[in-house]
Amino acid sequence: MATPTLVRGARSSRSTISLKLLMAVSGLVFIGFTLLHMYGNLKAFAGEEAFNEYAHHLRILGEPMLPEGGALWAIRLTLIVSLVVHVASAVVLARRAGAARTVKYAVKKNRHSSISSRTMRWGGLTILVFLVWHLLNFTIVKVNPSGGETNNPYVLLVDTFDLWWMTLIYLAAMAALALHLHHGTFSAMQTLGWTNSAAARTRARTAGWVLAIVIAGGFSLVPIFTLLGVID
């Protein structure tokens, strides 16, 4: 007959697995969104008319079945729920890991861990803070740090990245995103049972690097080429 301790342990184990699954699934939602968002950002290379037309189509997506902006708010709500789930799961798992480690290591060695795994928590916090500013900058309040107009999406973008320090902040956030994507992709695939062999683990790590380079690199192109004057 199982003891209460064993039952609690089994429940805790199932709960931990559930939290990891929630993190994996919510992470995949964000990967899908960032890929689409990155593609849209690259429209800036086609000029003001093409970029603003893209922004306009986002607002009328789903019409006439949905009101103007309806699809955008559905996407935003999905992302908000995914963000809450992702962050809450990460916090609970981190607390459990800390509580399980009753004896601290005298010397902490990271020989077998990658920089992306060691910076996962701080990188996640950096991305979260940047996300708040990014929404204030381009979506919710529309803050133009150059003092120009805010109703023209293309002008707002160019005015923002014409400032070297704004481009620097953006690139630093993209570096954090790249590291987070690299380790997060591997962790998600591991949680979903896709790393059961050495070859599968290699593929998972490769997938993490590919996503990190494609997404973070793709996002970085617009601010870099705006600062260089190619996008103006």
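Here are some exercises with worked solutions on a predicted model of a protein chain.

**Exercise 1. Work out what secondary structure the chain has, and how many residues are buried as a percentage.**

Let's start with the elements. The chain has eight helices and zero strands, so reading from the N terminus gives α-α-α-α-α-α-α-α.
Next, burial: 30% of the 232 residues count as buried.
Then the surface. The accessible area comes to about 14,500 Å², and carbon and sulfur atoms own 68% of that.
Last, the contacts. Take those between residues at least 6 apart in sequence: 69% of them join residues at least 24 apart.

**Exercise 2. Decide which parts of the model to read with care, using pLDDT.**

Begin with the overall picture: the chain averages a pLDDT of 87, and 89% of the residues score at least 70.
Now go element by element. Helix 6 (residues 153-161) has the highest mean, 97, while helix 4 (residues 115-118) has the lowest, 74.
Then check the start of the chain. Over residues 1-7 the pLDDT stays under 50, and the model has one contact for them beyond four places in sequence.
What do we do with such a stretch? Where pLDDT is low, the predicted coordinates should not be read in detail.

**Exercise 3. Check the end-to-end spans of helix 3 and helix 7 against 1.5 Å a residue.**

The trick is to multiply 1.5 Å by one less than the number of residues.
For helix 3 (residues 70-100), there are 31 residues, so the expected span is 45 Å; the end C-alpha atoms are 45 Å apart, which agrees.
For helix 7 (residues 164-191), there are 28 residues, so we expect 40 Å; the end C-alpha atoms are 40 Å apart, and that agrees too.
While you're on helix 3, look at its buried residues: Gly70, Ala71, Leu72, Leu79, Ser82, His86, Ser89 and Leu93.

**Exercise 4. Classify His182 and Thr167 as buried or exposed, and list what they touch.**

First, place them: His182 lies in helix 7, and Thr167 is found in helix 7 as well.
Second, apply the cut-off. Buried means under 20% relative accessible area. His182 has 8%, so His182 is buried. Thr167 has 3%, so Thr167 is buried.
Third, find the partners, skipping neighbours within four places in sequence. His182 is in contact with Ser114, Ser116, Arg205, Gly208, Trp209 and Ala212. Thr167 touches Phe161, Pro223, Ile224 and Leu227.

**Exercise 5. Find what helix 5 residue Met120 touches.**

Met120 lies in helix 5.
Leaving out residues up to four places away in sequence, Met120 touches His180, His183 and Gly184.
Now take a C-alpha distance: Met120 and Ala176 are 56 residues apart along the chain, yet their C-alpha atoms are separated by 8.7 Å.

**Exercise 6. Describe the loop between helix 5 and helix 6 through Lys142 and Thr150.**

Start with Lys142, which is found in this loop. Its phi is positive, about 60 degrees, although Lys142 is not a glycine. With a relative accessible area of 30%, Lys142 is partly exposed.
Move on to Thr150, which lies in the same loop between helix 5 and helix 6. At 24% relative accessibility, Thr150 also counts as partly exposed.
Now link the two: beyond its neighbours within four places, Thr150 is in contact with Lys142, Asn144 and Leu156.
Finally, a distance. Thr150 and Phe138 are 12 residues apart in sequence and 8.4 Å apart in space, C-alpha to C-alpha.

**Exercise 7. Spot the nonpolar patch on the surface, and say where Leu135 sits.**

The patch is formed by Val132, Leu135, Leu136, Ile140, Val141 and Val143, with about 470 Å² of accessible area together.
Leu135 belongs to helix 5 (residues 120-138).
Patch residues need over 30% relative accessible area. Leu135 has 32% and is partly exposed.

**Exercise 8. Pick out the backbone oddities at Pro64 and Gly193.**

For Pro64, look at the peptide bond from Glu63: it is cis, with omega near 5 degrees. Pro64 sits in the loop between helix 2 (48-59) and helix 3.
For Gly193, look just after helix 7: Gly193 takes a positive phi of about 80 degrees.

Terms used: Residues are numbered from 1 along each chain as its sequence is written. This is a predicted model: local features need pLDDT of at least 70, side-chain atom pairs count only at pLDDT 80 or more; totals for chains, interfaces and linings use all residues. Side-chain values use heavy atoms; hydrogens and water are left out. Patches are made of residues with over 30% relative accessible area and no salt bridge: like charges are joined within 9 Å, nonpolar side chains (Val, Leu, Ile, Met, Phe, Trp, Tyr) within 5 Å. Accessible areas come from the Shrake-Rupley method with a 1.4 Å probe; for residues, only the protein chains shown count as cover. A salt bridge is a side-chain nitrogen of Lys or Arg within 4 Å of a carboxyl oxygen of Asp or Glu. Helices (H or I, at least four residues) and strands (E, at least two) are DSSP runs, numbered from the N terminus. Buried means under 20% relative accessible area, exposed over 50%, partly exposed in between (1.4 Å probe, protein chains only). pLDDT is the predictor's confidence in each residue, from 0 to 100. Contact means heavy atoms within 4.5 Å.
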